[in-house]
Amino acid sequence: MYKIQTNVSGTRSINISEGHLQTIRKYALFNNLMDSNGIVDESVLDKLKLNIRSILEAETGTNKDLLDLCLDVVYNNNMKAFGLNQLVQLFIKWDKENNLGDNQEQ
């Protein structure tokens with residue numbers, strides 16, 4: 001379990017599970033999410049929400065993992081642009097560590 005800070009003062013946070021990070025990887029939710037400037041603002045958070053909504057509407061089956069990510073993280077009352085930036089940084093670090101482990105096993 002990981003914890004990300006969702007505001008600058010550090011008074012709010014969200015717990016992130018391995019399952020949440022695996023869901024982000026599975027659906028490639030962060031691919032092409034940000035502009036070339038790399039700035040995460042409220043419009044990027046809105047874009048992520050719209051992308052997830054599109055995935056949920058397009059797939060006929062229930063996506064419990066994606067719904068859990070929505071309820072626990074993306075649509076959490078504490079999630080703002082600062083928190084999304086922290087989540088992206090956590091995902092990059094987690095993905096790098098997990099890819100290194102995968103490559104060493106082969």
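Which residues of helix α1, residues 18-26, are buried? They're His 20, Leu 21, Thr 23 and Ile 24. Look down the axis of α1 and those buried residues fall within an arc of 155°, so they line one face of the helix. One caveat before I go on: what we have here is a predicted model.

The reason behind that sort of spacing is textbook stuff. An α-helix has 3.6 residues a turn, so residues three or four places apart point the same way.

Let's try α3 next, which covers 64-74. Its buried residues are Leu 66, Leu 69, Cys 70, Val 73 and Val 74. Around the axis they take up an arc of only 115°, which puts them on the same side of α3. And what sits on the face turned away from that buried side? There you find the exposed residues Lys 64 and Leu 71. So yes, a leucine is one of the exposed ones out there.

Okay, on to the core. The largest nonpolar core contains 27 residues, and the ones with the most contacts inside it are Leu 29, Phe 30, Leu 84 and Leu 87. Which elements give two or more residues to it? Those are β2 (13-16), α1, α2, α3 and α4 (81-105). Helix α4 provides the largest share, six residues. The general background: in soluble globular proteins, nonpolar side chains tend to be buried together.

Leu 87 is a nice one to click on. Skip its neighbours within four places in sequence, and Leu 87 is still in contact with Ile 4, Ile 16, Leu 21, Ile 24, Phe 30, Val 73 and Met 79. Two of those partners, Leu 21 and Ile 24, we already met as buried residues of α1, and Val 73 came up as a buried residue of α3.

Now the loop between α1 and α2, for anyone who likes staring at backbone torsions. Most residues other than glycine have a negative phi. Ala 28, just after α1, has a positive phi of about 50°, and it is not a glycine. Ala 28 lies in the loop between α1 and α2. Is it buried or exposed? In between, really: its relative accessibility is 34%, so Ala 28 counts as partly exposed.

Asn 32 is found in that loop between α1 and α2 too. Its phi is near 55°, again a positive value in a residue other than glycine. At 70% relative accessibility, though, Asn 32 counts as exposed, because the cut-off for that is over 50%.

Asn 32 also brings us to Lys 47, which lies in helix α2, residues 42-58. Which residues does Lys 47 contact, leaving aside its neighbours within four places in sequence? Asn 32 and Leu 33. With Leu 33 we can be specific about atoms: the Lys 47 side chain reaches the backbone oxygen of Leu 33 at 3.3 Å. Lys 47 has 32% relative accessibility, so it counts as partly exposed. For a feel of scale along the chain, Lys 47 and Glu 57 are ten residues apart in sequence and 15 Å apart in space, C-alpha to C-alpha.

Last stop, Asn 63, in the loop between α2 and α3. Compare our other asparagine: Asn 32 counts as exposed, whereas Asn 63 has 8% relative accessibility and so counts as buried. Not counting residues up to four places away in sequence, Asn 63 touches Tyr 27, Ile 55 and Leu 56.

Technical notes. Residues numbered from 1 in each chain as written. Predicted model: local features only at pLDDT ≥ 70, side-chain atom pairs only at ≥ 80, totals over all residues. Heavy atoms only, no water. Helix = DSSP H or I, 4+ residues; strand = E, 2+ residues; numbered from the N terminus. Buried < 20%, exposed > 50% of the residue type's maximum accessible area, 1.4 Å probe, protein only. Contact = heavy atoms within 4.5 Å. Polar contact = N/O pair within 3.5 Å; in protein donor to acceptor, adjacent residues only side chain to side chain. Arc of directions from axis to C-beta. Core = buried A, V, L, I, M, F, W, Y, C linked by side-chain atoms within 4.5 Å.
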